[in-house]
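I opened the notebook to record what I could look up in this structure, taking one region at a time.

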Amino acid sequence: CVHTENCFVPISEIIAVEETEFNKKQRNIGRWQKMEKLHAFTVYYVKRARNHRWRCSDVTFWCVDEHLCNQWTQALKELLEMQKSRPKQLLVYINPYGGKRQGKRIYEQKVAPLFNLASISTDVVITEHANHAKDNLFEVNIYKYDGVVCVGGDGMFSEVMHGLIGRMQKDSGIDQNNPKASLVQCNIRIGIIPAVLGLNTTFNIVGLPWRQTLALLIFLGDCQPLDVSSVHHNNTFLKYSVSLLGYGFYGDILKDSEKKRWMGPMRYDYSGFKTFLSHHYYEGTIAYQPAKHTHGSPRDKESCRMGCYICKKSEKQLAEQTKKHGLKHEEGEEEWKVIKGKFLAINAVNMSCACPRSPKGLSPAAHLADGSADLILVRKCSRFDFLRYLVRHTNQDDQFDFPFVDVYRVKCFQFTSKLSEDNESNVMDIGKKRFGQFCRDHPVCCCNIVNSTWNCDGETLDSSAIEVRVHCQLVKLFARGIEENSKDEASYSQSSIEQLL
């Protein structure tokens, strides 16, 4: 076989091999033009470009020996058949209103051709109303699919995730309303194709939200486990969270911005400035169990990256625990720690929550799949000090290096507001009996007895008193984690992509 360029491609990154009619390829091949009959095959493969961007490229080989050409084609196809992690059949949900109504066009022009090239069969559902995808996942035969792909924004991903997790628990006879229930892992992977560039989940899991790159990750069959937090109130299931649970500052921003959707993305800036000026703080009690099983801490300098050893250790521990105890998890007699005080913000994050305006995120060392969340408590302080804290999110300085900021790595926590405590006086008695001594550094006084709203991955929760538990690697995505930082990625982070919640 002859080709005009040197090209090395691992089998794992070859997309497809096709026989090629040579007369359809107009190439200057020198002495081979004199041949009457040439035989050729084309190899489609993943080509890496700047900013960790992947593209589908191709290279054509030709020769005069038909038998030799067929041998190469057959050998490559057999090697591709051995790539068992690659999906054969996918269920695709498209939000036609996502990305300024560009979701359907993006899928048809950017994604579907790659799936067709790779001989992946798809069942496409165009969603017609809110929770259409979630409800549909309870009805279809999901076990015939190798994965579920969502085309849209963060809300679309949330729908698919809730539907898939809920369906798996229903089929396994597990009550989601039980906050202590061990949930069944979802082995059906989720693929994400953003209809808008500012997709929070994609930015934190892959790094750079190039649509063709994400489509190729789906085709190659990569797998990235992801922790999911369940949120309950009074033994009633509320939501699942993979990103941010925010009370106080971020909850108030979301609540105010929902009233100003007519402003578009600018509403977040306006509501953020307004919330900062209001400087509301909230009283409450937080009880949490430290995540002693995981390695590292929120103050580490190492970020979660592709092949993260901390996440791999957690995966191994999870497998050993499942083998030993099955679905039942041993909670043991681990000590609950309780903190009581006045807070400007309470944030619990399962991932760094990075975005272009905050390249390091709310917790730079948070991990995607270590079975823990980072609980960040910002106590009452002056506006100037709080502004200093917020500015730290945009630079390389340690954002936890303030006397009014505490951060803990936890596997579960509970929060009760001061107003709820007053309405349910027995809560404190139960807390003292169960959790031991309260922190007295910030005694409670009569001030600002109001409730904020919980921001759960960009959606509001009606209840302020919640119980949260992290479920290690509950779902799996078609992804491989963020590749190591580069100058290109740093420059991209300063781009004009709209701010994420």
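The entries below go through a sheet, a loop residue, a strand with its partners and a set of helix contacts.

**Entry 1, the model.** I am working from a predicted model, and I kept that in mind for each of the entries that follow.

**Entry 2, the sheet of β1, β2 and β3.** I looked up the strand order and found an open sheet of three strands, arranged β1-β2-β3, with antiparallel pairing. At its edges I noted β1 (14–20) and β3, each of which pairs on one side only. From one strand to the next the twist averages 20°. I then followed the pairing of β2 with β3, which is antiparallel and runs over ten bridges; as one position in it, I marked A40, whose bridge partner in β3 is W62.

Next I asked which strands helix α3 touches as it packs on the sheet. Helix α3 (residues 103–117) touches β1, β2 and β3, and its direction makes about 65° with that of β1. I also looked at helix α7 (residues 211–220), which lies across β1, β2 and β3 and runs at about 65° to β3.

**Entry 3, R53.** I located R53 in the loop between β2 (39–48) and β3 (54–63). Is R53 buried or partly exposed? Its relative accessibility is 31%, and since buried means under 20% and exposed over 50%, R53 counts as partly exposed. Leaving aside residues up to four places away in sequence, I listed K47, R48, W210 and T213 as the residues that R53 touches. Of these contacts I followed up W210, which is 157 residues from R53 along the chain, while the C-alpha atoms of the two are separated by 6.6 Å.

**Entry 4, strand β8 and its partners.** I checked how well strand β8 (residues 224–233) is covered, and found that nine of its ten residues are buried, so that the strand is mostly covered. With strand β17 (residues 466–477), β8 pairs in the antiparallel sense over eight bridges, and in this pairing P225 stands opposite K476 of β17. With strand β9 (residues 236–241), β8 also pairs in the antiparallel sense, here over five bridges; S229 has S241 of β9 as its bridge partner. The hairpin of β8 and β9 has two residues between the strands, and I noted there that N234 takes a positive phi near 50°.

**Entry 5, α9 and its helix contacts.** I looked first at helix α8 (residues 249–257) and helix α9 (residues 266–278), whose axes come within 9 Å and cross at roughly 130°. Angles over 145 degrees count as roughly antiparallel and those from 65 to 115 as roughly perpendicular, and α8 and α9 are therefore oblique to each other. Their crossing is right-handed. I wrote down the residues in contact as F249, D252, I253, D256 and S257 from α8, with R267, Y268, Y270, S271, G272, K274, T275 and F276 from α9. Sorted by class, this contact has five nonpolar, four polar and four charged residues.

I then turned to α9 and helix α11 (residues 383–392), whose axes come within 10 Å and cross at roughly 145°. From α9 the contact takes F276, L277 and S278, and from α11 it takes R383, F386, L387 and L390. By class I recorded five nonpolar residues, one polar and one charged for the contact of α9 with α11.

Technical notes: Residues are numbered from 1 along each chain as its sequence is written. This is a predicted model: local features need pLDDT of at least 70, side-chain atom pairs count only at pLDDT 80 or more; totals for chains, interfaces and linings use all residues. Side-chain values use heavy atoms; hydrogens and water are left out. Axes are lines fitted to C-alpha atoms, for helices over the stretch in contact, and angles run from 0 to 180 degrees between N-to-C directions. Angles under 35 degrees count as roughly parallel, over 145 as roughly antiparallel, 65 to 115 as roughly perpendicular and the rest as oblique. A crossing is left-handed if the near helix is turned anticlockwise from the far one by less than a right angle, and right-handed if clockwise. Contact means heavy atoms within 4.5 Å. Ala, Val, Leu, Ile, Met, Phe, Trp, Tyr, Cys and Pro count as nonpolar, Asp, Glu, Lys and Arg as charged, and the others, Gly among them, as polar. Buried means under 20% relative accessible area, exposed over 50%, partly exposed in between (1.4 Å probe, protein chains only). Two strands pair if DSSP finds at least two bridges between them.
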